[in-house]
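Biologist: Please take a close look at a single part of this model, with the criteria behind each term stated. I should then like to see how the rest of the chain is described by the same criteria.

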Amino acid sequence: MPSRSAVDPIAALRHRGFLIYLIGGLISNTGSQMRIVAAQWEIISREPGNPEKQALFLGYIGLALVIPVILFALPSGAAADRFSRRWLISLAQLGLAGCGVGLAWASWAKAPLLLMYLLLFGTGVFRALGWPASSAIVAGLVPPKIFSNAATWRSNAYQFASTVGPLAGGFFLAWWNPYVVFLIDAASSVVLAVCMIFVKPQPQERVVEPHSWRSVLQGIHFLRRQPIILSTMTLDMVAV
(Lines give C-alpha, C1' and ligand atoms only; values in the text may rest on other atoms or scores of the structure.)
Protein backbone atom coordinates (compact mmCIF):
# COMPACT_ATOMS: atom_id res chain seq x y z
CA MET A 1 0.00 0.00 0.00
CA PRO A 2 1.27 3.51 -0.77
CA SER A 3 2.45 5.39 2.29
CA ARG A 4 0.12 8.11 3.40
CA SER A 5 1.72 11.33 4.58
CA ALA A 6 0.88 12.20 8.15
CA VAL A 7 -1.40 15.16 8.71
CA ASP A 8 -0.28 17.58 11.39
CA PRO A 9 -3.44 19.11 12.95
CA ILE A 10 -1.44 21.83 14.70
CA ALA A 11 0.88 22.67 11.82
CA ALA A 12 -0.21 26.32 11.73
CA LEU A 13 0.28 26.71 15.48
CA ARG A 14 3.96 25.90 15.09
CA HIS A 15 4.42 29.29 13.43
CA ARG A 16 4.98 31.89 16.14
CA GLY A 17 3.45 34.83 14.28
CA PHE A 18 0.24 32.99 13.51
CA LEU A 19 -0.04 31.67 17.06
CA ILE A 20 0.30 35.17 18.52
CA TYR A 21 -2.23 36.51 16.04
CA LEU A 22 -4.65 33.67 16.78
CA ILE A 23 -4.51 34.19 20.56
CA GLY A 24 -4.86 37.95 20.23
CA GLY A 25 -7.79 37.55 17.85
CA LEU A 26 -9.48 35.08 20.18
CA ILE A 27 -9.25 37.54 23.07
CA SER A 28 -10.41 40.49 20.97
CA ASN A 29 -13.35 38.62 19.40
CA THR A 30 -14.45 37.39 22.82
CA GLY A 31 -14.45 41.00 24.04
CA SER A 32 -16.42 42.11 20.98
CA GLN A 33 -19.14 39.59 21.78
CA MET A 34 -19.18 40.81 25.38
CA ARG A 35 -19.64 44.38 24.09
CA ILE A 36 -22.81 43.45 22.23
CA VAL A 37 -24.28 41.69 25.28
CA ALA A 38 -23.44 44.66 27.52
CA ALA A 39 -24.93 47.12 25.00
CA GLN A 40 -28.13 45.10 24.80
CA TRP A 41 -28.40 44.97 28.58
CA GLU A 42 -27.64 48.66 29.00
CA ILE A 43 -30.13 49.80 26.37
CA ILE A 44 -33.09 47.64 27.37
CA SER A 45 -32.56 48.59 31.02
CA ARG A 46 -33.29 52.18 30.04
CA GLU A 47 -36.86 51.21 29.10
CA PRO A 48 -38.10 48.87 31.87
CA GLY A 49 -41.62 47.54 31.49
CA ASN A 50 -41.87 48.51 27.82
CA PRO A 51 -41.28 45.37 25.72
CA GLU A 52 -42.15 47.11 22.44
CA LYS A 53 -39.49 49.79 22.87
CA GLN A 54 -37.00 47.27 24.17
CA ALA A 55 -37.41 45.13 21.04
CA LEU A 56 -37.10 48.18 18.81
CA PHE A 57 -33.99 49.46 20.57
CA LEU A 58 -32.37 46.02 20.30
CA GLY A 59 -33.01 46.13 16.56
CA TYR A 60 -31.30 49.50 16.38
CA ILE A 61 -28.14 47.90 17.80
CA GLY A 62 -27.95 45.49 14.88
CA LEU A 63 -28.66 48.32 12.46
CA ALA A 64 -25.89 50.49 13.91
CA LEU A 65 -23.42 47.61 13.55
CA VAL A 66 -24.37 46.46 10.04
CA ILE A 67 -24.65 49.79 8.20
CA PRO A 68 -20.87 50.43 8.39
CA VAL A 69 -20.22 46.96 6.98
CA ILE A 70 -22.43 47.72 3.98
CA LEU A 71 -20.83 51.14 3.46
CA PHE A 72 -17.17 50.34 4.07
CA ALA A 73 -16.62 46.65 3.26
CA LEU A 74 -15.44 47.26 -0.31
CA PRO A 75 -13.16 50.25 0.48
CA SER A 76 -11.70 48.31 3.42
CA GLY A 77 -10.95 45.37 1.14
CA ALA A 78 -9.17 47.69 -1.28
CA ALA A 79 -7.21 49.22 1.62
CA ALA A 80 -6.10 45.75 2.72
CA ASP A 81 -4.51 45.28 -0.72
CA ARG A 82 -2.77 48.66 -0.74
CA PHE A 83 -1.58 49.21 2.84
CA SER A 84 0.04 47.21 5.61
CA ARG A 85 -2.53 44.74 6.88
CA ARG A 86 -0.74 44.54 10.21
CA TRP A 87 -1.14 48.26 10.83
CA LEU A 88 -4.71 48.31 9.53
CA ILE A 89 -5.60 45.65 12.11
CA SER A 90 -3.82 47.63 14.83
CA LEU A 91 -5.62 50.84 13.84
CA ALA A 92 -8.97 49.05 13.83
CA GLN A 93 -8.33 47.55 17.26
CA LEU A 94 -7.30 50.87 18.77
CA GLY A 95 -10.45 52.41 17.31
CA LEU A 96 -12.51 49.62 18.85
CA ALA A 97 -10.79 50.21 22.18
CA GLY A 98 -11.67 53.92 21.98
CA CYS A 99 -15.30 53.11 21.25
CA GLY A 100 -15.32 50.65 24.16
CA VAL A 101 -14.04 53.32 26.55
CA GLY A 102 -16.65 55.72 25.18
CA LEU A 103 -19.41 53.18 25.77
CA ALA A 104 -18.15 52.63 29.31
CA TRP A 105 -18.35 56.36 30.00
CA ALA A 106 -21.80 56.63 28.38
CA SER A 107 -23.03 53.75 30.54
CA TRP A 108 -21.53 55.16 33.73
CA ALA A 109 -22.82 58.70 33.08
CA LYS A 110 -26.22 57.51 31.78
CA ALA A 111 -25.60 59.49 28.61
CA PRO A 112 -28.36 59.71 25.97
CA LEU A 113 -28.94 56.54 24.00
CA LEU A 114 -28.12 58.41 20.80
CA LEU A 115 -24.49 58.64 21.95
CA MET A 116 -24.38 54.91 22.60
CA TYR A 117 -25.73 54.20 19.13
CA LEU A 118 -23.12 56.52 17.61
CA LEU A 119 -20.39 54.65 19.48
CA LEU A 120 -21.84 51.34 18.28
CA PHE A 121 -21.80 52.75 14.77
CA GLY A 122 -18.13 53.58 15.32
CA THR A 123 -17.66 50.00 16.47
CA GLY A 124 -19.09 48.82 13.17
CA VAL A 125 -16.82 51.19 11.22
CA PHE A 126 -13.64 49.89 12.84
CA ARG A 127 -14.78 46.28 12.57
CA ALA A 128 -15.41 46.83 8.85
CA LEU A 129 -11.95 48.38 8.52
CA GLY A 130 -10.19 45.46 10.19
CA TRP A 131 -12.07 42.45 8.82
CA PRO A 132 -10.55 42.23 5.31
CA ALA A 133 -7.02 42.76 6.61
CA SER A 134 -7.60 40.21 9.39
CA SER A 135 -8.62 37.57 6.87
CA ALA A 136 -5.93 38.34 4.31
CA ILE A 137 -3.00 38.51 6.73
CA VAL A 138 -3.22 34.78 7.49
CA ALA A 139 -1.74 33.97 4.08
CA GLY A 140 1.39 35.88 5.06
CA LEU A 141 1.84 34.16 8.40
CA VAL A 142 2.04 30.52 7.29
CA PRO A 143 3.39 28.66 4.24
CA PRO A 144 0.85 28.09 1.45
CA LYS A 145 0.75 24.32 2.03
CA ILE A 146 -0.73 24.73 5.54
CA PHE A 147 -2.96 27.71 4.82
CA SER A 148 -6.08 25.55 5.04
CA ASN A 149 -5.00 24.40 8.50
CA ALA A 150 -4.48 28.02 9.58
CA ALA A 151 -7.86 29.04 8.17
CA THR A 152 -9.50 26.20 10.09
CA TRP A 153 -7.87 27.27 13.34
CA ARG A 154 -8.91 30.89 12.78
CA SER A 155 -12.50 29.89 12.01
CA ASN A 156 -12.68 27.65 15.08
CA ALA A 157 -11.24 30.40 17.27
CA TYR A 158 -13.88 32.81 16.03
CA GLN A 159 -16.68 30.32 16.67
CA PHE A 160 -15.28 29.66 20.15
CA ALA A 161 -15.20 33.40 20.87
CA SER A 162 -18.78 33.75 19.59
CA THR A 163 -19.85 31.13 22.13
CA VAL A 164 -17.73 32.12 25.11
CA GLY A 165 -18.09 35.90 24.64
CA PRO A 166 -21.83 36.18 25.35
CA LEU A 167 -21.46 33.68 28.21
CA ALA A 168 -18.64 35.71 29.79
CA GLY A 169 -20.53 38.94 29.17
CA GLY A 170 -23.60 37.62 30.96
CA PHE A 171 -21.48 36.34 33.84
CA PHE A 172 -19.77 39.71 34.32
CA LEU A 173 -23.08 41.57 34.04
CA ALA A 174 -24.42 39.45 36.89
CA TRP A 175 -21.64 40.75 39.13
CA TRP A 176 -20.73 44.18 37.77
CA ASN A 177 -22.20 47.08 35.86
CA PRO A 178 -22.18 47.23 32.04
CA TYR A 179 -19.44 49.86 31.99
CA VAL A 180 -17.04 47.34 33.55
CA VAL A 181 -17.78 44.92 30.70
CA PHE A 182 -17.18 47.70 28.16
CA LEU A 183 -13.79 48.40 29.74
CA ILE A 184 -12.87 44.70 29.64
CA ASP A 185 -13.81 44.67 25.98
CA ALA A 186 -11.69 47.77 25.30
CA ALA A 187 -8.75 46.05 27.00
CA SER A 188 -9.23 42.98 24.81
CA SER A 189 -8.89 45.13 21.69
CA VAL A 190 -5.68 46.64 23.04
CA VAL A 191 -4.34 43.11 23.55
CA LEU A 192 -4.67 42.31 19.84
CA ALA A 193 -3.19 45.69 18.88
CA VAL A 194 -0.14 44.91 21.04
CA CYS A 195 0.07 41.37 19.63
CA MET A 196 0.36 42.79 16.11
CA ILE A 197 3.67 44.41 17.12
CA PHE A 198 5.16 40.92 17.39
CA VAL A 199 3.55 39.57 14.22
CA LYS A 200 5.84 39.71 11.18
CA PRO A 201 3.97 38.55 8.06
CA GLN A 202 5.64 37.97 4.74
CA PRO A 203 5.79 41.12 2.59
CA GLN A 204 2.52 41.45 0.75
CA GLU A 205 2.22 42.21 -2.93
CA ARG A 206 0.90 45.76 -3.13
CA VAL A 207 -1.65 46.87 -5.70
CA VAL A 208 -0.09 49.45 -8.02
CA GLU A 209 -3.09 50.32 -10.18
CA PRO A 210 -4.56 53.82 -9.79
CA HIS A 211 -7.20 54.52 -7.18
CA SER A 212 -10.72 54.28 -8.60
CA TRP A 213 -14.09 52.80 -7.86
CA ARG A 214 -13.44 50.36 -10.70
CA SER A 215 -10.56 48.82 -8.73
CA VAL A 216 -12.78 48.59 -5.64
CA LEU A 217 -15.45 46.75 -7.61
CA GLN A 218 -13.06 44.29 -9.23
CA GLY A 219 -14.03 41.67 -6.67
CA ILE A 220 -17.66 41.85 -7.79
CA HIS A 221 -16.63 41.49 -11.44
CA PHE A 222 -14.51 38.48 -10.49
CA LEU A 223 -17.45 36.82 -8.72
CA ARG A 224 -19.63 37.29 -11.80
CA ARG A 225 -17.10 35.25 -13.76
CA GLN A 226 -16.89 32.55 -11.06
CA PRO A 227 -20.42 31.15 -10.58
CA ILE A 228 -19.26 28.40 -8.21
CA ILE A 229 -17.70 30.88 -5.78
CA LEU A 230 -20.66 33.24 -6.13
CA SER A 231 -23.21 30.51 -5.45
CA THR A 232 -21.21 29.26 -2.45
CA MET A 233 -20.97 32.73 -0.94
CA THR A 234 -24.66 33.37 -1.58
CA LEU A 235 -25.65 30.11 0.08
CA ASP A 236 -23.45 30.95 3.07
CA MET A 237 -24.97 34.43 3.43
CA VAL A 238 -28.53 33.06 3.21
CA ALA A 239 -27.72 30.45 5.85
CA VAL A 240 -26.21 33.05 8.17
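Modeller: Lysine 110 counts as exposed, because its relative accessibility is 54%; the scale calls a residue buried under 20% relative accessible area, exposed over 50% and partly exposed in between, with a 1.4 Å probe and protein chains only. The model is predicted, so local features need pLDDT of at least 70 and side-chain atom pairs count only at pLDDT 80 or more, while totals for chains, interfaces and linings use all residues. Residues are numbered from 1 along each chain as its sequence is written, and side-chain values use heavy atoms, with hydrogens and water left out.

The loop between H3 and H4 holds lysine 110. Its phi is near 55°, a positive value in a residue other than glycine, and this residue comes just after H3. Helices here are DSSP runs of H or I with at least four residues, strands are runs of E with at least two, and both are numbered from the N terminus.

Helix H3 itself covers residues 85-108. Of its 24 residues, 17 are buried, and the helix is thus mostly covered. The expected span is 1.5 Å times one less than the number of residues, which gives 34 Å for H3; the end C-alpha atoms lie 35 Å apart, so the two values agree. In the chain as a whole, 38% of the 240 residues count as buried, and the elements comprise nine helices and zero strands.

On the other side of the loop, helix H4 takes part in an aromatic contact. Rings of Phe, Tyr and Trp (its six-membered ring) pair if their centres lie within 6.5 Å; planes under 30 degrees apart count as stacked, over 60 as edge-to-face and the rest as tilted. This rule yields five aromatic pairs. Tyrosine 60 and tyrosine 117 form an edge-to-face pair, because their ring planes stand at 85° with the centres 5.9 Å apart. The contact joins distant parts of the chain, with tyrosine 60 in helix H2 (residues 51-82) and tyrosine 117 in helix H4 (residues 113-136), 57 residues apart. Tyrosine 60 is partly exposed at 36% relative accessibility, whereas tyrosine 117 is buried at 14%. Phenylalanine 171 and phenylalanine 172 are also edge-to-face, since their planes lie at 65° and their ring centres 5.8 Å apart. Ring pairs connect these two with Trp175 and Trp176 in a cluster.

Helix H5 (residues 147-175) contains proline 166, which is partly exposed at 28% relative accessibility. The C-alpha atom of proline 166 is 7.9 Å from that of threonine 30, although 136 residues separate them along the chain. Tyrosine 158, also in helix H5, is partly exposed at 34%.

A helix packing completes the account. Helix H1 (residues 16-44) packs against helix H6 (residues 178-195) at about 160°, with the axes 8 Å apart. H1 is therefore roughly antiparallel to H6, given that angles over 145 degrees count as roughly antiparallel, under 35 as roughly parallel, 65 to 115 as roughly perpendicular and the rest as oblique. The axes are lines fitted to C-alpha atoms over the stretch in contact, and angles run from 0 to 180 degrees between N-to-C directions.
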